[in-house]
Amino acid sequence: MKTNAAMNDSEATTRSASTTEALRGAILAGEFRPGERMYEFGLSQRLKVSRTPIREALKSLAGEGLLDHIPNRGYYVREYSIDDIVQAYEIRAALEGLAARRAAQLGLAAQERAIIEKALHDGEMFLKRDAFSPADRTLYGEINAAFHNAIHVASQSRMLRDQLRLSQQVAPSSHRNVIAFERLDVRRRHDDHHRIYEAILCRDAGRAELLMRDHVEGVKIALIRAISRDMLPTP
């Protein structure tokens, strides 16, 4: 039987891991501004945990490159230049294309197929809304992430999944961070998902790769357009 000490250690480890995952997801979803300071007290209130797992999570996320740590000043969300973001998308496009190619070559398992079909269904329901609210951005990010993550798993390559995860450490390039959120952008991305899925089902590896690469490049262009518009002077 486990001792009380061992059980407490196990619970603490689980709490630390879940806290780290929650903060990672929030950062990748764009819920914190670039350069924003991460205050332990506020985060502990937000996640309803003590400051100890928050402190451990901040240290872990700094090690991953999502946060900058300034001694005696604290942790800050890392800022990236437009060039950094463009490079991240270019790398991600190549890796995502390879994942789609491998998924088509190897075929989809029933579990990945079910996840993709649910994401496509959820996307259709989402697009039936009359208007998008700020909270809907997070919901669509989850739908988008489910689609792409299922293809990553279907690639059956741990090395490829690790590289994809690294390419998304630049928060604006994450599946969860939906910056270009106009209806036309969402509709175009969702239609891309349908075409990519059909190519994978048909085991057309070349087409699946090309469609996926074009899809990610299209997201990059929409993002740059949104950023450029925000940088224009107010009339």
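Is phenylalanine 126 buried or exposed in this predicted model? With a relative accessible area of 2%, phenylalanine 126 is buried, since residues under 20% are counted in that class. The ring of this residue takes part in aromatic contacts, of which the structure holds two pairs. In one of them, phenylalanine 126 and phenylalanine 132 lie 4.8 Å apart, centre to centre, with 35 degrees between their planes, and the pair is tilted. In the other, the centres of phenylalanine 126 and tyrosine 140 are 5.5 Å apart and the planes stand at 40 degrees, so this pair is tilted as well. The latter contact links distant parts of the chain, as phenylalanine 126 belongs to helix H5 (residues 110-127) and tyrosine 140, 14 residues apart from it, to helix H6 (residues 134-154). Tyrosine 140 is buried, as is phenylalanine 126. Taken together, Phe126, Phe132 and Tyr140 make up one aromatic cluster, and over the face of phenylalanine 132 lies arginine 183, at 4.5 Å from the ring centre.

Helix H3 was examined separately. The 14 residues of this helix (residues 51-64) should span 20 Å at 1.5 Å a residue, and the C-alpha atoms at its ends are indeed 20 Å apart, which agrees with that expectation. Pro53, Ile54, Ala57, Leu58 and Leu61 are the buried residues of H3, and because they cover an arc of only 140 degrees around the axis, they are placed on the same side of the helix. Lys59 and Gly63, on the other side of H3, are exposed. After H3 comes glycine 65, which has a positive phi, near 95 degrees.

How values were computed
Residues are numbered from 1 along each chain as its sequence is written. This is a predicted model: local features need pLDDT of at least 70, side-chain atom pairs count only at pLDDT 80 or more; totals for chains, interfaces and linings use all residues. Side-chain values use heavy atoms; hydrogens and water are left out. Helices (H or I, at least four residues) and strands (E, at least two) are DSSP runs, numbered from the N terminus. The expected span of a helix is 1.5 Å times one less than its number of residues. Buried means under 20% relative accessible area, exposed over 50%, partly exposed in between (1.4 Å probe, protein chains only). The arc is that of the directions from the helix axis to the C-beta atoms. Rings of Phe, Tyr and Trp (its six-membered ring) pair if their centres lie within 6.5 Å; planes under 30 degrees apart count as stacked, over 60 as edge-to-face and the rest as tilted. A charge sits over a ring if NZ of Lys or CZ of Arg is within 6 Å of the ring centre and within 35 degrees of the ring normal.
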